[in-house]
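Colleague: Got a minute to walk me through this model? I'd like to start with the ligand and then look at the empty spaces.

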Amino acid sequence: LNYQTARFLTSAPTLAQCPPDTGAEVAFAGRSNAGKSSAINALTRQKSLARTSRTPGRTQLINFFTLGDDSGRRLVDLPGYGYAKVPEAVKREWQQHLAEYLRGRHSLRGLVLVMDVRRPLTEFDQTLLGWADDQDMPVHILLTKADKLKSGAAKSALQQVRSRLREWEDLVTVQLFSSLKRQGIDEAGVRLDDWLAD
Ligand code: GDP
């Protein structure tokens, strides 16, 4: 699929306000500052489709992008999580919206989980993996900012994450990624194609 055709569709604060639940979509989740917006921009080869934010945690909306081919395929940017300065009550509310979205969205085919390769599998990353597992929802993990590590260290980080997720290996795939160096874009595209192909 040609992800370059992606364009902004709409933003929704809750599941109830999402666009019609038809067609097929892939959602991106990740801890604030992990590099999720940059990854979406790299995949779609656009400079600022998803907003890279200097104030992590500010984007609380679910943002929908449509592939501009009228095929009913969408990319979805979920709110980042884990930002320390967000009040506990607000965090809980987001987590509830995320859970609702994952549970209730029929057109959702898979979840891309973006993690900083230097700090993978935070507590909420693991919570999300558990929720995805409950729904038999496939997950593809992008270990991004791979350019921040030497190639040997990046490879061993990849192996470590793979071995920690062995119990979920039917549902979860993992790869190295770098938006900066444009590393891993084709590999990620293949996974998305799998999910979004009719
Ligand atoms: P988000 O909060 O998860 O959407 O994260 P952003 O995409 O806004 O990125 C957070 C910070 O990490 C920004 O300063 C980015 O420039 C930086 N960043 C994102 N991806 C990469 C990458 O692949 N390599 C490097 N070196 N920096 C990155």
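Modeller: Sure. An oxygen atom of the ligand is 3.0 Å from an N or O atom in the side chain of Lys145, and a polar contact here is a pair of N or O atoms within 3.5 Å. Keep in mind that this is a predicted model, where local features need pLDDT of at least 70, side-chain atom pairs count only at pLDDT 80 or more, and totals for chains, interfaces and linings use all residues. Residues are numbered from 1 along each chain as its sequence is written, and side-chain values use heavy atoms, with hydrogens and water left out.

Colleague: How far is the backbone N or O atom of Asn33 from an oxygen atom of the ligand? And what about Gly35?

Modeller: For Asn33 the distance is 2.7 Å, and for Gly35 a backbone N or O atom sits 2.9 Å from a ligand oxygen.

Colleague: How much of the ligand's accessible area does the protein cover?

Modeller: The protein covers 76% of the 580 Å² that the ligand has on its own (Shrake-Rupley method, 1.4 Å probe).

Colleague: Which residues come nearest to the ligand?

Modeller: Asn33, Lys36, Ser37, Ser38 and Asp147, out of 17 around the ligand; a residue counts if one of its heavy atoms lies within 4 Å. Helix H1 (residues 36–43) gives the most to that shell, with three residues; helices are DSSP runs of H or I with at least four residues, strands are E runs of at least two, and both are numbered from the N terminus.

Colleague: Switching topic: how many aromatic pairs are there?

Modeller: The count is three, with rings of Phe, Tyr and Trp (its six-membered ring) pairing if their centres lie within 6.5 Å; planes under 30 degrees apart are stacked, over 60 edge-to-face, and the rest tilted. The Phe8 and Phe65 ring centres are 6.1 Å apart with planes at 65°, so that pair is edge-to-face. Phe8 is in strand E1 (residues 6–12) and Phe65 in strand E3 (residues 62–67), so to speak distant parts of the chain, 57 residues apart.

Colleague: And what lines the largest cavity?

Modeller: Pro13, Gln60, Ile62, Pro79, Trp94, His97 and Leu98. On a 1 Å grid over the protein atoms alone, a cavity is a set of points where a 1.4 Å probe fits but cannot get out, and lining residues have an atom within 4 Å of a point. Helix H2 (residues 88–104) gives the most to this lining, with three residues.

Colleague: What's the volume of the largest cavity?

Modeller: About 30 Å³, where volume is the space filled by probe spheres set on grid points joined across faces, edges and corners.

Notes: Polar contact = N/O pair within 3.5 Å; in protein donor to acceptor, adjacent residues only side chain to side chain. 1 Å grid on protein atoms, 1.4 Å probe; cavity = no way out; pocket = protein on both sides within 12 Å on 5 of 7 lines; lining within 4 Å.
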